[in-house]
Amino acid sequence: MTRIVAGESQVPKRRRALEVALALGLVLLISVGAIVASAVARNSNASAAPATGAPAAQLKLGYFGNITHAAALVGVQKGFIAKELGDTKLSTQVFNAGPAAIEALNAGAIDATYIGPNPAINSFVKSKGESISIIAGAASGGAQLVVKPEIKTAADLKGKTLASPQLGGTQDVALRAWLGKQGYKTNTDGGGDVAINPTENAQTLKLFQNGKLDGAWLPEPWASRLVLQAGAKVLVDEKDLWDGSLTGKPGEFPTTILIVNKKFAAEHPQTVEALLKGHVESVKWLNDTPAAEKAAVVNAALKQDAGKALAQNVIDRSLKNIVFTVDPLAGAFKKLLQDGVDAGTTKQADLNGLFDLQALNSVATEKTTAAGLGQD
């Protein structure tokens, strides 16, 4: 695994004989040509057949150094994904937020990535359905709006400055949508009733500690870090905003999903299936493993990818806030799209074809639905 392409005769009798000979020769040439062409076609088809179904030489996989991406952290750290890929080389790249991962996917720098739902929706919409497919879920929950202790209610946020990981990212959209429901106007340039500054997560922690931010809508472990290491309080736990009417699972909402470049998936379906087998094994391990061992493995992976392990109380709090699941909770995606439209980070569109869960449902015991937005 590697870390971060004609003469004509003057004699009449001879002329007729020559014409006959030429005709016979032409027939013979056509027959031979047909035989050769047929053989070439057979050989060409035989050599082309594996090209559309053969495993890829390499799978370039993206993910974030967040607890919400623990399925990727564990899948890489414990070798679940590499084992299923077999001879296909696994290379990985760690991102801070979704839009950057989408740029890499569209540029061919990676083939698949763990990501939040809104950047995936944006890519699908902008490409008119040609860029990506959602092939699995990975995590639900683990996102909170944390603020200074003196902020008691939404009414206290007017004129304040909040952060999100990246403009158009899942937490950024969730924050803008929630503020809109509280009667606030926000602009993607940072203006409005409440200023939103998209900021790299580690920098958000420092800015909050220095008093330059009033709060942030963040994924784990960053929400827990602000609470436990910087004195923030939870104003909104996003799970409280999802009643289950769209997914049948109250309190659950898609935080992390697994997507793949459509062209790569069409050319290497075996590799995509192998990736999903490793992913399913990783999620199962997260759900079956005792808390202490789970925290140790995830922390070791974070140390490897981010250079530093988390404090024990941070990783413990983070893991308690997340549900690990292969279900992408497809029923939530029309709302997620509308939230992005309301936030000004995407356009209204038809999401039919966004999901391809056929391979997932062939390898997982838990059957998932595309909720009418693709194949399952």
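Trainee: What makes up the exposed area of the chain?

Mentor: The chain exposes about 17,200 Å², and carbon and sulfur atoms supply 54% of it. Areas come from the Shrake-Rupley method with a 1.4 Å probe. This is a predicted model: local features need pLDDT of at least 70, side-chain atom pairs 80 or more, while totals for chains, interfaces and linings use all residues. Residues are numbered from 1 along each chain, and side-chain values use heavy atoms, without hydrogens and water.

Trainee: Why is D243 called exposed?

Mentor: Its relative accessible area is 57%. Exposed means over 50%, buried under 20%, partly exposed in between. D243 therefore counts as exposed. Buried residues make up 49% of the 376 residues in the chain.

Trainee: Where is D243 found?

Mentor: In the loop between β9 (233-237) and β10 (254-261). Strands are DSSP E runs of at least two residues; helices are H or I runs of at least four.

Trainee: What makes the pairing of D243 with S245 a polar contact?

Mentor: Their side chains come to 2.7 Å. The definition asks for N or O atoms within 3.5 Å, one able to donate a hydrogen and the other to accept it.

Trainee: Why is α2 called roughly perpendicular to α11?

Mentor: The axes of α2 (residues 70-77) and α11 (residues 291-306) cross at roughly 85° and come within 9 Å. Roughly perpendicular covers 65 to 115 degrees, so the label fits α2 and α11.

Trainee: Which residues of α2 make the contact?

Mentor: A70, L73, V74 and Q77, with heavy atoms within 4.5 Å of α11.

Definitions and conventions:
Buried means under 20% relative accessible area, exposed over 50%, partly exposed in between (1.4 Å probe, protein chains only). Axes are lines fitted to C-alpha atoms, for helices over the stretch in contact, and angles run from 0 to 180 degrees between N-to-C directions. Angles under 35 degrees count as roughly parallel, over 145 as roughly antiparallel, 65 to 115 as roughly perpendicular and the rest as oblique.
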